[in-house]
Amino acid sequence: MGEGMAARLLSENIAGHTADSPLLIWNRTKSKSEELTNRFEGKHIKICESAKEVVTGSDIVFSMLSTPEASKAVFDSPSGTLAGVTQGKYIVDCATLAESDMKRMSKAVEEMGGLFLEAPVSGSKGPAHTGQLIFLTAGSQTVHDDPTVQSALTAMGKATHYLGDIGNGTRAKLVVNSLMGTMMAAFSESLVLTQSMGLDGSKMLEIIGQGAIQSPMYALKGPKMLKGDHAPNFPLMHAHKDMKLAVDMAKGAGVSYSVTEKAEEIFREVREDTELNVKEEDFSAVFEGLHKASTSEFSKKRKAEE
């Protein structure tokens, strides 16, 4: 998981507050683990050499990796998550993956005697640091109801929803994130049109914020987008990954998802645009791709000034 979530476990004394209950951590980038230990010098933190070492030394393990590929590599590695699972271990995976990924990992953990809870989160860097994430859980009710797991979820999030069978957490997360991406694509188009028609962007944000279409996302992202500020909270490449997973899920379910399919296409084009090079910027940077694709006088002038 990221530094924000781990920091909440430490600051809320879920782990690391005594030598008997240290927080065991591992990251593919070791410097990130070192940064966390430096920030919490008074806490009991052990940097492990592998995911396996974390699982071997812990009763409860939280994991979160950025892509299905990264998740599979760490889970299946000889020094990875599954290699450390033995009878009674609890694995809580907070990544956004495909439903099939979660089901595969759950089955593998259970075959080794452990229990598995999927717990993808709604929320990005800011909510992670302030304990305002929303957990969409499914799978083992035993793990979900465990008092320590509940304390950890409460420390890291403002709400937890248990959705039943494994896979339902991922289904819910993909619905949420595909809607969010589609909203951002439409919002970006509206701001491009606003500027291209000579309207004041800040005034239009005020108008949008006063009506039925108001959204906390619009209020948070809009002013930054008008300034060209796309400092990453939720990288565009990860937003696109989730939208693609959602589109595939809809196709598999026989659901018409044409609006989101178009938004996913827009995100994909922006992600793959090496000239723009914004895939690691915030997903609001889809705004830059829409300006690039536009031929209005405002968009032309904006491109010429870059």
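**Note on the predicted model**

1. The count of aromatic pairs in this structure, which is a predicted model, comes to two. One of them joins Phe187 and Tyr218, and this pair is stacked, with 4.2 Å from centre to centre and 20 degrees between the planes. In general, the distance of the centres and the angle of the planes are what describe a pair of aromatic rings. The angle of 20 degrees falls under 30 degrees, so the pair counts as stacked.

2. Where do Phe187 and Tyr218 lie? Phe187 belongs to helix H9, which covers residues 168–196, and Tyr218 belongs to helix H11, residues 216–226, so the pair ties together parts that are 31 residues apart in sequence. Phe187 has a relative accessible area of 3% and is buried. Tyr218 is also buried, at 14% relative accessibility. The cut-off for buried is under 20% relative accessible area.

3. The protein contains 15 helices and eight strands. Its radius of gyration is 21 Å, and the globule rule gives 19 Å for 306 residues; the two values are close, so the protein is as compact as a globular protein of that length. Along the principal axes, the C-alpha atoms fill a box of roughly 65 × 50 × 35 Å.

4. Of the 306 residues in the protein, 47% are buried. If one takes the contacts between residues at least 6 apart in sequence, 70% of them join residues at least 24 apart.

5. On the surface, the protein exposes about 15,000 Å², and 53% of this comes from carbon and sulfur atoms. As for charge, there are 33 positive and 40 negative side chains. The centres of these two sets are 1 Å apart.

6. Ser71 is part of helix H4, residues 68–76. Is this residue buried or exposed? Ser71 has a relative accessible area of 4%, which means that it is buried. Which residues does Ser71 contact, leaving aside its neighbours within four places in sequence? They are Leu65, Asp93, Leu97 and Met105.

7. Ala293 is found in helix H14, which covers residues 286–293. With 64% relative accessibility, Ala293 counts as exposed, because the cut-off for exposed is over 50%. Val270 is 23 residues away from Ala293 along the chain, and the C-alpha atoms of these two residues are separated by 9.8 Å.

Technical notes:
Residues numbered from 1 in each chain as written. Predicted model: local features only at pLDDT ≥ 70, side-chain atom pairs only at ≥ 80, totals over all residues. Heavy atoms only, no water. Helix = DSSP H or I, 4+ residues; strand = E, 2+ residues; numbered from the N terminus. Buried < 20%, exposed > 50% of the residue type's maximum accessible area, 1.4 Å probe, protein only. Contact = heavy atoms within 4.5 Å. Phe/Tyr/Trp six-rings, centres within 6.5 Å; stacked < 30°, edge-to-face > 60°. Rg over C-alpha atoms; globule rule 2.2 N^0.38 Å. Areas by Shrake-Rupley, 256 points an atom, 1.4 Å probe, with all protein chains shown as cover. Lys, Arg positive; Asp, Glu negative; His and termini not counted. Charge placed at Lys NZ, Arg CZ, Asp CG, Glu CD.
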